[in-house]
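Trainee: Could you take me through one buried part of this chain in detail, and then work outward from there to the rest?

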Amino acid sequence: MNPQPTFCPNNDCPSRGIQAQGNIKVHDSLRNRWKCTTCNKTFSGRNGTPFHHLKHNEKTVVLVLTLLAYGCPPQAVVAAFSLDERTVASWQHKAGQHCQAVHEALVEQPRETTLVQTDELRIRCQRRLVLWLAMAICSTTRLWLGGVVSPKRDKHLARKIAQKVKSCCHLGSVLVITDGWTAYREAFLRAFRSPLRLGKRGAPRLIAWSGFVLAQTVKWTEAGRVLGIRICHLSGNRKTVGVLLPSGQVLSTAYIERLNATFRQRMSCLCRRSRCLVRTESHLRAGMYLVGSVYNFCTPHKSLRLEKRSGNSRFVLRSPAMAGGLTERIWTVGELLCYHIAPPPYVAPKRRGRPKGKKPPQEAQGENKVITV
């Protein structure tokens, strides 16, 4: 990662969001301040990161957030670093917002995603409240596609997670595997449609994707033991299932359930019997994006490693982001928190009225007239 910012964050600058233009110069190396030669504005190198306006050392903040992302209880962090509990909570909230922006900029982009699994979690909160967390994962690359937090388990929750899955997929063949919840059927069939534009007036007709398949499975149990998995609903072409499903695998939600176990291990508020209950919905969303981004970019996955023919090490470790083609190496937590997200390019506002220096036609005709006495 290059610690130097490569774009100007000023919203009124014509070079806003344009990277590697050569307009960023050093203004004060001791205070980590930079200057844009286009707008002649100075800005901090921490701008756009969780370290902005923080008086603590960056290494301490990175260590605290790393421990929180890997399941260390906040009380242990407070006792080890002699920090206030509200300070640790604010750091986690800022880091979660930053990781959410990184996730939306890098992960939630159309790419080739063929096999997706979704599931939801029921979370107990303080004051006897309940929240629902729906998440999705790409089974082939183990890439966490995102999650949605909702106070109710209804059709709106299913539609939001379906739209999030669609934002990560190209128009093509996609196999989505869910549990037997009936709201998933209507949500995914409604989301995976594209407009058919014929050049006529009015809203275009929505056509379902020809390569989309939705498979809903439930566990077959007897006397409290799981004996197998059966398909309760299948939408789409059945021949596509055999093409997209890897050999030796069956239709199941095993990968998303393993990911749920990872989130329960790294977030104490997700445990079934825990005293660390969730207080607010924003706190749960921030922790979810922090853990999910660290899982995608900073955690090597054992099932994704590649065998190495030469060298000292036998295998090449890979993260889900590397398997998905987002990065070329495993990031550290500090690099994830220091990642600068470029704003959209500058668009000059449209001028209204006549240009300056030109007179209306009536005044111009009046000047050309010759007055005779």
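Mentor: Let us start with Leu68, which is buried at a relative accessible area of 7%, where buried stands for under 20% relative accessible area, exposed for over 50%, and partly exposed for what lies in between (1.4 Å probe, protein chains only). Before going further, please keep in mind that this is a predicted model, in which local features need pLDDT of at least 70 and side-chain atom pairs count only at pLDDT 80 or more, while totals for chains, interfaces and linings use all residues. Residues are numbered from 1 along each chain as its sequence is written, and side-chain values use heavy atoms, with hydrogens and water left out.

Leu68 belongs to helix H1, residues 58-69; helices (H or I, at least four residues) and strands (E, at least two) are DSSP runs numbered from the N terminus. Leaving aside residues up to four places away in sequence, Leu68 is in contact with Pro74, Val77, Val88, Gln92 and Arg266, contact being heavy atoms within 4.5 Å. The C-alpha atom of Leu68 is separated by 34 Å from that of Leu175, a residue 107 places away along the chain.

Helix H1 also takes part in a salt bridge, since Glu58 meets Arg46 with 2.8 Å from N to O; the term requires a side-chain nitrogen of Lys or Arg within 4 Å of a carboxyl oxygen of Asp or Glu. This pair links distant parts of the chain, with Glu58 in helix H1 and Arg46 in the loop between strand E3 (42-44) and H1, 12 residues apart. Both ends have some surface: Glu58 is partly exposed at 26%, and Arg46 is likewise partly exposed at 22%.

In all, the structure holds 10 salt bridges, and two further pairs can be set beside that one. In the first of these, Asp28 is joined to Arg31 with the closest N and O atoms 2.9 Å apart; Asp28 is partly exposed at 21%, whereas Arg31 is exposed at 57%. In the other, Arg86 is bridged to Asp84 at 3.0 Å between the closest N and O atoms, with Arg86 exposed at 68% and Asp84 partly exposed at 35%. Salt bridges that share partners also bring Arg159, Glu186 and Arg190 into one network.

Turning to the interior, the largest nonpolar core has 74 residues, and those with the most contacts inside it are Phe188, Phe192, Phe263 and Leu284. Such a core is a set of buried Ala, Val, Leu, Ile, Met, Phe, Trp, Tyr and Cys residues joined through side-chain atoms within 4.5 Å. Another core, of nine residues, lies apart from it and includes Ala215, Val241, Leu245 and Leu251.

Beyond four places in sequence, the neighbours of Phe188 include Thr118, Val176, Thr178 and Phe212. Thr178 itself sits in strand E7, residues 174-178, and is buried with a relative accessible area of 0%; its contacts, counted with that same exclusion, include Tyr184, Phe188, Ala215 and Thr217. Thr217 is also touched by Ser252, as are Gln117, Ile177 and Ile229. Ser252 is found in the loop between helix H6 (238-244) and helix H7 (254-266), and is buried at 12%.

The cysteines call for some care, because zero disulfides are present when the term is held to a pair of cysteine sulfur atoms within 2.5 Å. The sulfur of Cys168 is 6.4 Å from the closest cysteine sulfur, in Cys169, which is too far for a bond, and Cys168 is buried at 0%. Cys298 is likewise in no disulfide, the nearest cysteine sulfur, that of Cys99, being 8.2 Å away, and Cys298 counts as buried at 8%.

Finally, on the surface, Leu196, Leu198 and Ile207 make a nonpolar patch of about 270 Å². Patches are made of residues with over 30% relative accessible area and no salt bridge, like charges being joined within 9 Å and nonpolar side chains (Val, Leu, Ile, Met, Phe, Trp, Tyr) within 5 Å, while the areas come from the Shrake-Rupley method with a 1.4 Å probe, only the protein chains shown counting as cover for residues. Ile207 lies in strand E9, residues 205-208, and is partly exposed at 31%.
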